[in-house]
Amino acid sequence: MTGLIEIVVVLLFVARVTRLIVADEITRRLREAIVRRLPEGSPLAYLLFCRWCLSVWIATPAAAGWWHLSEVSRWSGLWWVDVPTVALALSYATGLLVRAEPGE
């Protein structure tokens, strides 16, 4: 049960940080300032507005942190298998959570 709670907390962390960067009003001015300084069509500008895209980049260090700090058994025991697998799962679940938000 501890493992499930940990992964749910990591998932909610990834979803919240992704939303904070991409969609929250509190970060709107910073996003806009960054985009103004970037060249037209910049991949970084796209990333700042795409939750599906950005969530991969948020989920990867979150999954690595979970893998290194948690004492829950890993299915493979190999970080290079488990971390990308968990990161992609977290990113996908974050995308699904976005669909559940009103107005999305």
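**Salt bridges and helix packing in a five-helix chain**

Arg28 and Glu32 are joined by a salt bridge, with 3.2 Å between their closest N and O atoms. (A salt bridge places a side-chain nitrogen of Lys or Arg within 4 Å of a carboxyl oxygen of Asp or Glu.) The model is predicted, so local features need pLDDT of at least 70 and side-chain atom pairs pLDDT 80 or more, whereas totals for chains, interfaces and linings use all residues. Residues are numbered from 1 along each chain as its sequence is written, and side-chain values use heavy atoms, with hydrogens and water left out.

Both partners of this bridge belong to helix H2 (residues 28–37). Helices (H or I, at least four residues) and strands (E, at least two) are DSSP runs, numbered from the N terminus. Arg28 and Glu32 are 4 residues apart, and therefore about one helical turn separates them. Arg28 is partly exposed, at 29% relative accessible area. Glu32 is also partly exposed, at 32%. (Buried means under 20% relative accessible area, exposed over 50%, and partly exposed in between, for a 1.4 Å probe and protein chains only.) Arg28 thus counts as partly exposed because its 29% lies between those limits. A network is found elsewhere: salt bridges with shared partners connect Arg16, Arg19, Asp24, Arg51 and Glu101. The structure holds 6 salt bridges.

Arg19 has two partners within this network, Asp24 and Glu101. With Asp24, the N to O distance is 2.1 Å. Arg19 is partly exposed, at 27% relative accessibility. Asp24 is buried, at 9%. With Glu101, the N to O distance is 2.9 Å. This second pair links distant parts of the chain. Glu101 sits in the segment after H5, Arg19 in helix H1, and their positions lie 82 residues apart in sequence. Glu101 is partly exposed, at 22% relative accessibility.

Helix H1 (residues 2–22) packs on H4 at about 140°, and their axes are 9 Å apart. H1 is therefore oblique to H4. (Axes are lines fitted to C-alpha atoms, for helices over the stretch in contact, with angles from 0 to 180 degrees between N-to-C directions. Angles under 35 degrees count as roughly parallel, over 145 as roughly antiparallel, 65 to 115 as roughly perpendicular, and the rest as oblique.) The crossing of H1 past H4 is right-handed. (The near helix is turned clockwise from the far one by less than a right angle in a right-handed crossing, and anticlockwise in a left-handed one.) On the H1 side, the residues that meet H4 include Ile7, Val10, Phe13, Val14 and Val17. Glu6 and Arg19 are also among them. Their counterparts in H4 include Arg51, Leu54, Ile58, Ala62 and Trp66. By class, the residues of this contact comprise 12 nonpolar, 2 polar and 3 charged. (Ala, Val, Leu, Ile, Met, Phe, Trp, Tyr, Cys and Pro count as nonpolar, Asp, Glu, Lys and Arg as charged, and the others, Gly among them, as polar. Contact means heavy atoms within 4.5 Å.)

H4 (residues 51–69) also packs against H5 (residues 79–100). Their axes come within 7 Å and cross at roughly 135°. H4 and H5 are therefore oblique to each other. The crossing is right-handed. The contact of H4 with H5 is made up of 15 nonpolar, 5 polar and 3 charged residues.

Two residues illustrate the exposed surface. Ile26 lies in the loop between H1 and H2. Its relative accessibility of 74% makes Ile26 exposed. Ile26 is 12 residues from Val14 in sequence, and their C-alpha atoms are 17 Å apart. Tyr46 lies in helix H3 (residues 43–47). Tyr46 is exposed, at 58% relative accessibility. Tyr46 and Ile21 are 25 residues apart along the chain, with 12 Å between their C-alpha atoms.

The chain as a whole has 5 helices and 0 strands. Its pattern along the sequence is α-α-α-α-α. The C-alpha atoms fill a box of roughly 45 × 30 × 20 Å along the principal axes. Of the 104 residues, 34% are buried. Among contacts with a separation of 6 or more, 59% involve residues 24 or more positions apart.
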